[in-house]
Amino acid sequence: MMHRRITLVSVGIIAVLAAWLRMGPLPADLLDPPGASSIVVLDRHGEVLYEARAADGSRTARLDAAALPQALVDATIAAEDHRFWRHPGLDPIALVRAAARNIRHRRVVEGGSTITQQAAKLLIARADEGAGRRNVAAKLREAVIAIRLEHRFSKREILALYLNLASYGNQLTGAERASRAYFGRNAALLTPAQAAFLAALPQRPSSFNPYRDPARARARQERVIVQMGVLGMLRPDRVREALDERLTLTREPATFIAPHFVQRVLGEVGRVGQVGRVGNGGNGGNGGHGGVESVTTTLDADLQRTVQGIIRAERPALNRIGAHNVAVVVLDNRTGDWLAWEGSGDYADARNGGAIDGAARPRQPGSALKPFTYAAAFENGSSPADVLPDIPSFFPTAQEGVLYSPRNYDNRFRGPLLARRALAGSENVPAVALASRVGVPTLLRFLRSAGLTTFDRNAAYYGLGITLGDAEVRLDELVAAYATFARGGTIVHPRFIREPETATATTTATVTDSGVRLVSPRTAFWITDILSDDEARAYVFGRGGSLEFPFPVAAKTGTSQAYHDNWAIGYTADVTVGVWVGNFDRRPLIGSSGVAGAGPIFHAVMLAAVSVGSRESGVGSQSGVGSRESVGRLESVVSPTVALPAQTRK
């Protein structure tokens, strides 16, 4: 009787122990997704701009358990654990065989680990950030976790865990990412020979590195193919076919297009977590990014390359004026999408601060700020037909007894001028006189409402010199403010990342109306009409320069004090282009104005951007650059139904 009780108690203890081993809890955070996977940054058309690697420096991608490629499944099981579908997480046969071999060789030559145990090991390494010693306790822990994984997950889910966590060498984590790196295709399209090649790598990724020792990797692959035939996964003729297949390995280029833009995108992704995942289906062999964490941006990679090529072509001219840095941005007026973003002209130029993002670095805009003084005045009852004084003038300042006496760029005074002519010719004295009428506090509030965030001092600090660009602004914010005029007076909110629904949409882009109006349609039309009138500015700038186009473009230049900064900004109905030329270390340029320094780059970029903007807004390719359909819409977009004074047009 006592013996029977002891037996029952023993059986019960064993049952409880077995239940605990199989159904006990897993370590906290073991199955949590990794905090930082690699992210592929794409342009608006799906072209790779950059791959930001995970925290450990690896490139990652994931496979779904429900869509594991059969060739890869068979090859992995043949290479690592051919009884995978039958054992409960541990393989007693493999363990006994491994122990016998290790005793015979008097050293560890075989581990006997199953795929489930390897998945457990990889999960532990990820959770513990790779720390921990390889000893008996660690092996026991892996075994317990493997048993519990078998209780919680299906075999395919466990296999997916392994395939997504295994290292395939060359900082590649996951079979999907390795497939793209080595063969330039998704894992779903692997041949049996390619699948066997990948399955052979995780055992010893460094030893089987195909770039360093292809013969050794090939020998291991052949053993896997033969094992697939032995297990009945491949027919004899398919085994021979796989052995005869000649593999061609690819090397992924280190793509880094628009680095300043990409850095801003990654910063925004980190702030809002706006990362998507491109699925495995429907992408084809070489064009998709299956299973990769990705973010689709607003950038047009072709336009970005064109901008960089324009800057390279202008480099000799820039060197002659002592300019080492250039910033260029292109904004889609309707959607607020940044189509191009160049921050320095040469990201790799460490000597001249190439990594600095000049598009977001505050600099003095010079006369590029004048249109906003006129817009503020127009909103308060003035018009282009008003007469402004271009005569020697003196204005009071915040300092008692100190007067401000502005002078024009060419040191000439032209007497009474129409506001239209004064703005078109970018005369300083009339602009200061108008700012005096508007009032610096009012003008300062207007500039802040336009989205210029750098005006963080009071009106007394800036004074009337604010209308001449004595304060600093950011190129990206100034371009967005100019786009307000192109949009008929409504503010645009620029964006770097496309929403999921627009990133995959095939329809044309629609107008994004923020609902916030900065100026009336009439004021927007007046500013646009003046800035696009080549004849009105000819008395100062002449004809045929870099501000003239075969289609309507509203353009303005700016030159800061002592020639530190050159600016050129302009817009059509579709796009707004901004260019800054200067030096990050604030070395002055050699007698260069905005029209001479930034103007040629602005002209070339605008020509390139208009075709892109027309395409994005739905204008057919038959229209072409400069046609009535594609570019004759500038004034119609912003023209209000108002009666203009007869003298506003020359």
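Me: Why is helix α8 called mostly covered?

Reply: In this predicted model, α8 spans residues 192–199, and eight of its eight residues are buried. Buried means under 20% relative accessible area, so P192, A193, Q194, A195, A196, F197, L198 and A199 each fall under that cut-off.

Me: And what covers the buried residues of α8?

Reply: The cover includes four other helices: α2 (70–80), α7 (175–183), α9 (214–230) and α10 (236–244). To count as a contact, heavy atoms have to be within 4.5 Å.

Me: What makes β1 and β2 a pair?

Reply: Pairing takes at least two bridges between the strands. Strand β1 (residues 39–42) and strand β2 (residues 48–52) are joined by four, so they qualify, and they run antiparallel. Looking along them, V40 stands opposite E51, and V41 has Y50 as its bridge partner. The two strands form a hairpin with five residues between them. In that turn, G46 has a positive phi of about 95°.

Me: How do you know that both faces of β1 are covered?

Reply: Check each side of the strand. I39 and V41 sit on one side, V40 and L42 on the other, and all of them are buried. That puts each of these residues under 20% relative accessible area, so neither face counts as open.

Me: Why is the set around F261 and I527 called a nonpolar core?

Reply: A core is made of buried residues of the nonpolar kinds, joined through side-chain atoms within 4.5 Å. The largest such set here has 82 residues, and F261, F372, Y374, F455, L478 and I527 have the most contacts inside it. Helix α18 (residues 475–486) gives the most to this core, with nine residues. Apart from it lies another core, of 44 residues, with L68, I77, Y168 and L190 among them.

Me: Which residues does I527 touch, leaving out those up to four places away in sequence?

Reply: I527 touches P371, Y374, A375, F378, L423, F485 and Y571.

Me: What makes the space lined by A424 and L531 a cavity?

Reply: The test is that a 1.4 Å probe fits but cannot get out. A search of the whole structure finds two cavities of 30 Å³ or more, and the largest holds about 40 Å³ of space. Its lining is A424, L531, R537, F541, L547, A555, K556 and T557. Strand β13 (residues 554–559) gives the most to that lining, with three residues. By type, the lining residues are five nonpolar, one polar and two charged.

Me: Why is the space by S367 and N408 called a pocket, then?

Reply: A pocket is an open set of points, with protein on both sides within 12 Å along at least five of seven lines, so this space is classed apart from a cavity. The second largest pocket has a volume of about 640 Å³. It is lined by 32 residues, with S367, N408, Y409, N428 and T559 nearest its centre. Here too β13 supplies the largest share, four residues, while α21 (538–541) and α22 (594–597) each supply at least two. This lining divides into nine nonpolar, 16 polar and seven charged residues.

Conventions
Residues are numbered from 1 along each chain as its sequence is written. This is a predicted model: local features need pLDDT of at least 70, side-chain atom pairs count only at pLDDT 80 or more; totals for chains, interfaces and linings use all residues. Side-chain values use heavy atoms; hydrogens and water are left out. On a 1 Å grid over the protein atoms alone, a cavity is a set of points where a 1.4 Å probe fits but cannot get out, and a pocket is an open set with protein on both sides within 12 Å along at least five of seven lines; lining residues have an atom within 4 Å of a point. Grid points are joined across faces, edges and corners, and a volume is the space filled by probe spheres set on the points. Ala, Val, Leu, Ile, Met, Phe, Trp, Tyr, Cys and Pro count as nonpolar, Asp, Glu, Lys and Arg as charged, and the others, Gly among them, as polar. Buried means under 20% relative accessible area, exposed over 50%, partly exposed in between (1.4 Å probe, protein chains only).
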